[in-house]
Amino acid sequence: MREKRETKATICRACHVQCSLIVEFDEGRPVKVYGDKDNPEYAGYSCIKGRELAAYHSLPSRLLHSQKRGADGRHAPITSRTAIAEIAARVKALTDVYGPRSVAIYIGTHGYNNFATQGFGMAFLDAIGSKMLFTSVTIDQPGKGVAACLHGTWLAGQPAVADLDCLLLLGTNPVISMNGGLGMNPAKNLHEAKQRGMKLIVIDPRRTECAAEADIFLQPKPGEDPAILAAMVRVILDEGRADHAFLAEHAAGLAALKAALAPYTPEAAAARAGVAADDIVAAARLFAGQGKSATSAGTGPNMSGHGNLVEYMLKVLTSVSGKWLRPGDTIRNPGVLINRLPPLAASPGPVPAWGFGEKLRVRGFTDTAAGLPTAALADEILTPGEGQVKALFVLGGNPMLAWPDQLKTHEAMRALDLLVCLDPHMSATARLAHYVVAPKLPFEIASTTALNEFIGNFGVGWGYQRPYAQYTDKLSDPPPGSDVIEDWELFHGMAEALGLTLRVKSFSHIDPREGKRRGTDFAPGTKPSSDAVWEAILKDSPVPFAEVKAHGKGGHVFARQRAVVQDKPEGWTGRMNIGDAVMMGELRAIAAETGPKHAAFAYRMISRRMNDVLNSAWHEHTVLQRRHATNPAFIHPDDCAREGLRAGDVIELVSARAHIEGVVEPDATVRPGCIAMTHAWGGNPGEDGLPGFAGGNTGRLSSVEEDFDPYTGIPLMSAIPVNIRKARAEAAE
Ligand SMILES: Nc1nc2c(c(=O)[nH]1)N[C@H]1C(S)=C(S)[C@@H](COP(=O)(O)OP(=O)(O)OC[C@H]3O[C@@H](n4cnc5c(=O)[nH]c(N)nc54)[C@H](O)[C@@H]3O)O[C@H]1N2
Ligand SMILES: Nc1nc2c(c(=O)[nH]1)N[C@H]1C(S)=C(S)[C@@H](COP(=O)(O)OP(=O)(O)OC[C@H]3O[C@@H](n4cnc5c(=O)[nH]c(N)nc54)[C@H](O)[C@@H]3O)O[C@H]1N2
Ligand code: SF4
Ligand SMILES: [Mo]
């Protein structure tokens, strides 16, 4: 039986991590999927989503044809060719009247995860002259890009996971989320690192899977990370543990930093954050004392009100304790498909993090290091006047379930003249769209691991620890009788219809200007092959695309020489800034707060992830549906007892903006006073309680007009002040 089966290696593209998978085919049909245990980076890792990928391709809910909404509001199939022609004509009509700015693109998870989609989408906007490009980055971890600009990038970077002596995980749980910190097989890597003596510090209001392995675990109130980090830096400075020789050579701003840290004694920070002062001191000593220490933060602290400052203070912590790679240190991955930064023990210094590019018409926003503020896009659509956004393309994203402030998003999506979703499912957003373009799914598309390698620049334990890459051919054709396209073909087709040339940038360069300079033109008249598309996306990569492709089956470590960190060149003037004025101002403002904010709300809703779903995707998968019927409201048993709640009770979480329902699940790992819930569940307003729309949409609890970051626009999406109301009691009122 088994002999008749054929196996093929491929790359999972169900999330950004791009695991190496083996797919078993039976008479041409994919029947079984598992991790490739011989793979050097993933060592057999896969998650339940990857292993269910075969079934995902033939879910009954998968769109096999594009859809157009008729006058009666119902969607009906339309050929992709006609859809593209009609959409192009509507774009032309809108830009003729309202100008190019009336057309915007939002790149969500599955647009981001596919370089071809990103590349052609961006090129189309360029071609029509619109700068209105939005992505999920500004509602994810925008503090990362902002902090890198304000502090300055250390060109040599940070150690590989295998070289770490101490890791600080702040509001991230990579064992489940595969967010950075621990590489591509996080549980195995963590186990091995602990075996060889690596110390782990975890700071999280929930005792996460990672926290279970921690040497020091702090379980603070959410949103209080800036105080904890400020106190840690202060301890390192006060106790003479700082690397002053390094700072003198490479960083400015020490005096400003010290002044802003004055209020942050361990005791003061501990009182704010609800942790022990001794634990803050111990964490600081451990981090500074170990040889090679590094940090990784996630969505939690980026969404809790001070994301830029948290990411900035993590960089300051690294600089003050001198933990960046030094001359003579080894860079294990010199890059295969992506050119890494020059291996210099130096920084070009800070660059502006906002205040450039396109200006938005709401709340004074500009473009930022993390992109245009997505949390302002609904208002850009709803605010009348010149420049109003009339058309939105959603590439593999789901604004209705993922953006903060669902009620406002709902208004905005319905106000659009043209809403186009590239989505294999009738997502909550797709249900409101004028056109839903049905895409091919991963098995039907050739790809590479360039995205995950690119992400390696985010920090420690992201991307590959070795010069690794994989190419996969398409494994199978789309289902018979279907009419599905690769996402990029939508933009190529529209450009063709409008007579536009698309200049697709190379993603092999960290600096997007360099990537643009090396762009490839796709003129109307010819349809590029899959190879031609990848050649363009990876133009001038360290190892040419063709060479990676030639390796064929499975992932491969390329024989590239490790880089050795070099001294900075003579006359180098760039220095990092550890005392940025805006960040120090934010530290001072936090210290000056009198009394707790939002005292009328007894609880804080904090975000967390669930293994079986990816944001709003995979909810339609029947196997996973059986495992999780909803997104529970995880509450500490003491809080349950006080509120008289039992497992399975339906409660309402009430924020200043709105309320949602949640099903109580007592959970001793959650800090008392917090309610941990996963985002991107539920349906559109009005669909609550209907079959198939289980769960509460936590985005509905956020307001984009309150407690938002003045630069990236991200509002509270975790640490949202809420009260508990018993749903049944409410019904009886
Ligand atoms: N309160 C709160 N809100 C949050 C978060 C949180 O932690 N708390 N997290 C935020 C974060 S980090 C993010 S990144 C955003 C995510 O925001 P989005 O990216 O907007 O949302 P997703 O749910 O990831 O959308 C994925 C969509 O892609 C579709 N899809 C699945 N497979 C494919 C494919 O192969 N091709 C195409 N074209 N489409 C596909 C799915 O059907 C789904 O509709 O949500 C944010 N929202
Ligand atoms: N299985 C699965 N994997 C995923 C996803 C998914 O939906 N499912 N989503 C993907 C996406 S889009 C992203 S961006 C990544 C995100 O990856 P992570 O950021 O690692 O996501 P989480 O697992 O939600 O971890 C966030 C942690 O922050 C904590 N937290 C909440 N508020 C605060 C706070 O104020 N301070 C501190 N210190 N901690 C806080 C939460 O308790 C939680 O443990 O995961 C990706 N991977
Ligand atoms: S972690 Fe991501 S890439 Fe890996 S198997 Fe799961 S969904 Fe696929
Ligand atoms: Mo994300």
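So, ligand 3. In this predicted model, the residues around it are Cys12, Ala14, Cys15, Val17, Gln18, Cys19, Tyr45, Ser46, Cys47, Lys49, Gly50 and Met178. If you have the structure open, go and find Cys12, Cys15, Cys19 and Cys47, which are among them. By class, that shell comes out as 8 nonpolar, 3 polar and 1 charged residues. Lys49 is the charged one, because Lys counts as charged and the other residue types listed here do not.

Okay, on to ligand 1. There are 29 residues around this one, and those that come nearest are Tyr106, Thr109, Ala402, Asp423 and Ser616. Sorted by class, the shell has 15 polar residues, 10 nonpolar and 4 charged.

Let me walk you through some polar contacts here. Asn398 uses its backbone: an N or O atom of that backbone sits 2.8 Å from an oxygen atom of ligand 1. Asp487 comes in with its side chain instead, and a polar atom there is 2.8 Å from a nitrogen atom of the ligand. Then there's Arg609, again through a polar side-chain atom, at 3.2 Å from a nitrogen atom of ligand 1. And how much of the ligand does the protein cover? On its own, ligand 1 has 920 Å² of accessible area, and 96% of that is covered by the protein.

Hang on to Arg609, please, as we move over to ligand 2. A polar side-chain atom of Arg609 lies 2.9 Å from a nitrogen atom of ligand 2, and we just had a polar side-chain atom of Arg609 at 3.2 Å from a nitrogen of ligand 1. So Arg609 has a polar side-chain contact to each of these two ligands, since both distances fall within the 3.5 Å cut-off.

What else touches ligand 2? Thr172 puts a polar side-chain atom 2.7 Å from one of the ligand's oxygen atoms, and for Ser304 there is also a polar side-chain atom 2.7 Å from an oxygen atom of ligand 2. As for cover, the protein takes up 96% of the 920 Å² of accessible area that ligand 2 has on its own.

Now the wider shell. We have 32 residues around ligand 2, with Thr172, Ser177, Asp204, Thr299 and Val613 coming nearest. They divide into 16 polar, 9 nonpolar and 7 charged.

Which elements each supply at least two residues of this shell? Those are helix H7, at 174–177, helix H14, at 299–302, and strand E27, at 603–607. The largest share is from H14, with 3 residues.

Methods:
Residues are numbered from 1 along each chain as its sequence is written. Chains are lettered from A and ligands numbered from 1 in the order in which they are written. This is a predicted model: local features need pLDDT of at least 70, side-chain atom pairs count only at pLDDT 80 or more; totals for chains, interfaces and linings use all residues. Side-chain values use heavy atoms; hydrogens and water are left out. A residue is near a molecule or strand if one of its heavy atoms lies within 4 Å of it. A polar contact is a pair of N or O atoms within 3.5 Å; within protein, one must be able to donate a hydrogen and the other to accept it, and residues adjacent in sequence count only if both atoms are side-chain atoms. Accessible areas come from the Shrake-Rupley method with a 1.4 Å probe; for residues, only the protein chains shown count as cover. Helices (H or I, at least four residues) and strands (E, at least two) are DSSP runs, numbered from the N terminus.
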